[in-house]
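Colleague: I would like to learn how to read a model like this one. Can we take it feature by feature?

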Amino acid sequence: MIPELGHVALILALIVAAVQASFPLAGSLSGNRPWMAMARPLAYGQFTMLAIAFAALAEAFLTSDFSVLYVATNSNSLLPQIYKFSAIWGGHEGSLLLWVLLMSGWGAAVAAFSKNLPQGVVARVISVQGMVATGFLLFLLLTSNPFERLFPVPPEGRDLNPLLQDPGLAVHPPMLYMGYVGFSVAFAFALAALIGGRLDAAWARWSRPWTTVAWVFLTIGIVLGSWWAYYELGWGGWWFWDPVENASLMPWLVGTALIHSLAVTEKRGAFKSWTVLLAIFAFSLSLLGTFLVRSGVLTSVHAFATDPARGLFILIFLCIVIGGSLALYAWRAPEVSEGGRFDLISRESALLANNLLFVAFAVLVLFGTLAPLIYEAFDWGKISVGFPWFNKMFLALAPFMAVLIGVGSATRWKHDDLLRLGRMLWLALALSIAVLVIAALPGMDGGNLWVPVGLALAAWLLFAHLTVVRDRLRHKAGWRAWVADLRGNGRSFYGMVLAHLGVAVFIVGVTMVMNFQQEEDVRMSPGDSHELAGYRFEFLGTEKTSGPNYRADRGHFKVFDGDRRIAELYPEKRSYLGGGMPMTEAAIDAGLFRDIYVSLGESVGGGDWALRLYYKPYVRWIWLGGVFMALGGILAVTDRRYRTARARAASPADVAGAAAARA
Amino acid sequence: MAMAKSVRYLIPLVIFAALVALLVFGLGTDPREVPSPLIGKPAPQFRLPDLTDPARSVSDADLKGKISLVNVWASWCSACRAEHQSLMALSEMPDFQLIGLNWKDEGSTARQLLSVTGNPYDMIAYDPDNTVGINWGVYGAPETFVVDQKGIIRYKQIGPIDRQVWEETLQPLVAKLKAEG
């Protein structure tokens with residue numbers, strides 16, 4: 001009965017979304033206030049319906065109701081309770097329901113926190129979100145109904161993919177989806193502005209905090225995914241350039257460009273049409289990611305079960321949403337005034353240059369992801385665009401990005417001169433060059449040019465931002481002024497600094513791991529010892545063990561640094577009762593400056609095991625950098641300007657200014 | 001001028017249209033299949049040193065007269081490690097030979113890995129620079145080509161061979177080829 005209730009709630013959500021997509025928009029165009037006023041209740045209503053549907057599915061999972069097809073294929077009665085819950089988004093149907101639920105959550109949040117926005121803007125934004133939701137709900141109901149019944153009812157479910165039975169992966173998809181669908185808010189604001197013909201600084205100020213929050217979620221989602229791949233896939237890599245990973249990286253890159261471009265539009269009124277385009281792209285790439293993962297167009301390690309009918313549906317949906325918004329853009333954007341002028345040496349220029357680098361990188365990732373398709377379509381023969389190609393592209397662009405981040409943060413808006421910049425940054429530059437030289441000394445660099453380059457770039461980011469902070473504080477006497485700065489309007493500044501330092505931390509992590517990691521395949525008998533990177537690994541043997549839904553061989557290692565025992569590690573090789581390939585559970589001794597990582601390969605007879613030992617210096621810094629970026633984003637959105645901006649947003653001056661900009 | 005300016009704003013739409021055309025094409029093809037030009041064609045000619053004994057060589061002539069599974073692998077590839085156990089089981093079967101194509105790999109690392117985990121292959125062509133892999137249309141590892149007794153490529157499996165792939169796809173195909181030959 002409850003699954004049917006969920007199904008009905010889904011249908012009601014679709015109806016609400018369809019009404020939401022049409023009436024408030026029509027009202028805003030014809031000046032019909034009651035229709036515009038429907039926007040908020042409809043947004044709440046859609047969220048409520050989807051929450052009911054989601055709760056119904058959750059109930060089916062938690063009670064192991066295998067009469068529901070989706071539950072029977074993605075769960076099992078032996079599954080621990082927590083994984084029964086996370087199994088809701090372990091497959092295509094449920095993850096799509098989660099996606100729509102989160103999107104309607106963003107819609108409800110916009111409705112709740114937009115009290116001071118002009119009614120017409122709110123109506124249009126919520127309508128656009130209704131349109132996107134309508135498409136997704138149709139998709140869900142027509143091709144991927146999670147409530148479909150199964151008869152006869154199987155006695156047991158097929159089990160959740162063992163790879164997904166992990167706390168990291170239980171939270172990774174919700175975070176990632178929050179980021180993906182969060183960009184729908186920026187998208188809706190952009191389209192609403194295009195429809196209303198009001199692309200002004202106020203529009204940028206409204207959508208900025210939303211976009212930053214979405215970006216923070218996406219950043220955390222990607223970090224979690226990378227961390228999960230590192231410890232769960234059992235071979236120590238942290239990024240694989242897999243199509244699914246690329247699908248999350250592309251919106252992140254464009255989203256990063258977008259939050260910077262929004263800053264320019266808000267502060268200087270420039271880049272308006274470019275910012276709108278980025279807002280459209282960021283969400284479009286999220287949608288494209290969904291298409292690539294769920295259509296079976298590309299092969300991937302984590303592709304969902306694919307179905308051509310679904311692929312076709314998403315493609316048509318993609319055409320309507322992206323094609324429609326780009327057509328709207330082509331129609332409306334030429335009317336947009338270009339806005340504030342700026343000189344060649346200015347923060348605007350630096351941000352524009354970095355924007356282009358981010359977009360260029362996103363385009364390269366898109367090309368690399370689709371390369372097999374492109375080559376096949378044009379019959380150019382075969383191609384291998386793999387790991388090395390992506391790495392090369394990343395290394396070709398990243399240094400310029402890093403240099404520009406430092407320059408851009410120190411440059412003034414509108415007009416700056418090289419002399420002033422030089423006087424300001426010479427020390428930071430000199431210190432980074434010193435790092436470059438020291439790291440390049442024989443014996444320090446490990447024989448690789450990238451070590452000094454990477455460390456110097458990180459140093460440049462650090463020193464350039466310290467300079468920028470000092471410059472800001474020079475006019476503020478004493479720590480009281482600093483505290484006041486942090487309480488007042490300074491948070492977005494310090495958020496920026498923190499996020500940029502995150503880039504430095506990330507660069508250090510990548511540089512150290514890629515150049516100084518050590519790994520070895522070994523065969524060990526119980527009692528054997530093996531040395532790697534100065535650590536001695538002693539293998540004491542394996543024992544049989546079992547979990548709630550798996551059996552495992554568990555190895556026991558002691559790791560010594562000299563004579564001192566620093567860790568005991570217990571890597572496992574698990575066979576899940578639901579079947580499938582055996583899973584490797586790596587054992588990791590984690591540290592800020594190095595990880596020691598042991599993964600069990602296979603039993604090779606006589607108690608001997610094939611093993612893989614890793615030494616991973618600074619690997620945590622990769623994720624720590626991402627965490628810094630996310631924290632920076634959070635700090636920035638708590639800036640007082642947004643709180644007061646919200647109160648100011650609807651002031652007559654703004655509206656008049658907007659009208660003037662339009663005319 | 002005004003005209004040229006508004007045309008500029010159409011560029012994103014045009015690019016998107018091209019992308020859609022590509023994706024429509026993509027929907028009609030199955031990425032797990034070999035690009036059609038290769039299937040039903042003789043395996044591309046090649047001659048490479050044997051990984052385990054560089055004095056010997058492996059060539060397309062070795063594919064004639066026997067059913068062959070040509071498995072593309074590398075020591076850096078995690079899915080290949082997962083597949084290794086299935087390959088060990090397959091190496092016991094008499095109906096076909098298992099030929100490795102060690103792809104974009106470091107010879108010493110690959111040999112080291114095999115000495116630890118065991119060598120399922122009858123012979124292994126060593127292709128560190130992707131000279132042969134590119135002719136075979138290798139996109140990633142692992143991939144497995146099924147080549148019949150006449151040296152014709154009949155099927156390409158992308159991704160690891162597990163029990164399901166073996167029982168549902170490869171085993172019936174090998175049985176069919178055996179009956180043909």
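Modeller: Start with the order of elements. This is a predicted model. Along its sequence, chain B runs α-α-β-β-β-α-β-α-β-α-β-β-α.

Colleague: How many helices and strands does chain B have?

Modeller: The tally for chain B is 6 helices and 7 strands.

Colleague: What does the radius of gyration say about chain B?

Modeller: Compare it with the value for a compact globule. With 181 residues, such a globule would come out near 16 Å. Chain B has 20 Å. Then look at the box. Along the principal axes, the C-alpha atoms of chain B fill roughly 75 × 40 × 30 Å.

Colleague: What share of the residues of chain B is buried?

Modeller: Buried means under 20% relative accessible area. In chain B, 48% of the 181 residues meet that. For the surface, take the exposed area and its make-up. Chain B exposes about 8500 Å², and carbon and sulfur atoms supply 57% of that area.

Colleague: And the contacts in chain B? What part comes from residues 24 or more positions apart?

Modeller: Count the contacts with a separation of 6 or more. Residues 24 or more positions apart account for 71% of them in chain B.

Colleague: Now the rings. How many aromatic pairs are there over all chains?

Modeller: The count is 37. To read one pair, take the centre distance and the angle between planes. Phe96(B) and Trp166(B) have ring centres 5.8 Å apart and planes at 55 degrees, so this pair is tilted.

Colleague: Where do Phe96(B) and Trp166(B) sit in chain B?

Modeller: Phe96(B) is in the loop between α3 (78–90) and β4 (97–103). Trp166(B) belongs to helix α6 (residues 163–180). They are 70 residues apart, and the pair links distant parts of the chain.

Colleague: Are these two residues buried or exposed?

Modeller: Both Phe96(B) and Trp166(B) are buried. Rings can also join in a cluster. One aromatic cluster in chain A includes Trp239(A), Trp241(A), Phe361(A) and Trp389(A).

Colleague: Last, helix shape. What span does helix α15 of chain A have?

Modeller: Set the span against that of a straight helix. For 23 residues, that would be 33 Å. Helix α15 (residues 418–440) of chain A spans only 29 Å between its end C-alpha atoms.

Colleague: Where does α15(A) bend?

Modeller: At Leu425(A), by about 55 degrees. Leu425(A) is also one of the buried residues of α15(A). Others among them are Arg420(A), Met424(A) and Ala428(A).

Colleague: What covers the buried residues of α15(A)?

Modeller: The cover includes α14 (387–410) and α16 (450–473) of chain A.

Conventions:
Residues numbered from 1 in each chain as written. Chains lettered and ligands numbered in written order. Predicted model: local features only at pLDDT ≥ 70, side-chain atom pairs only at ≥ 80, totals over all residues. Heavy atoms only, no water. Helix = DSSP H or I, 4+ residues; strand = E, 2+ residues; numbered from the N terminus. Expected span 1.5 Å × (residues − 1). Bend = angle between axes of the 7 residues up to and from the residue. Buried < 20%, exposed > 50% of the residue type's maximum accessible area, 1.4 Å probe, protein only. Contact = heavy atoms within 4.5 Å. Rg over C-alpha atoms; globule rule 2.2 N^0.38 Å. Areas by Shrake-Rupley, 256 points an atom, 1.4 Å probe, with all protein chains shown as cover. Phe/Tyr/Trp six-rings, centres within 6.5 Å; stacked < 30°, edge-to-face > 60°.
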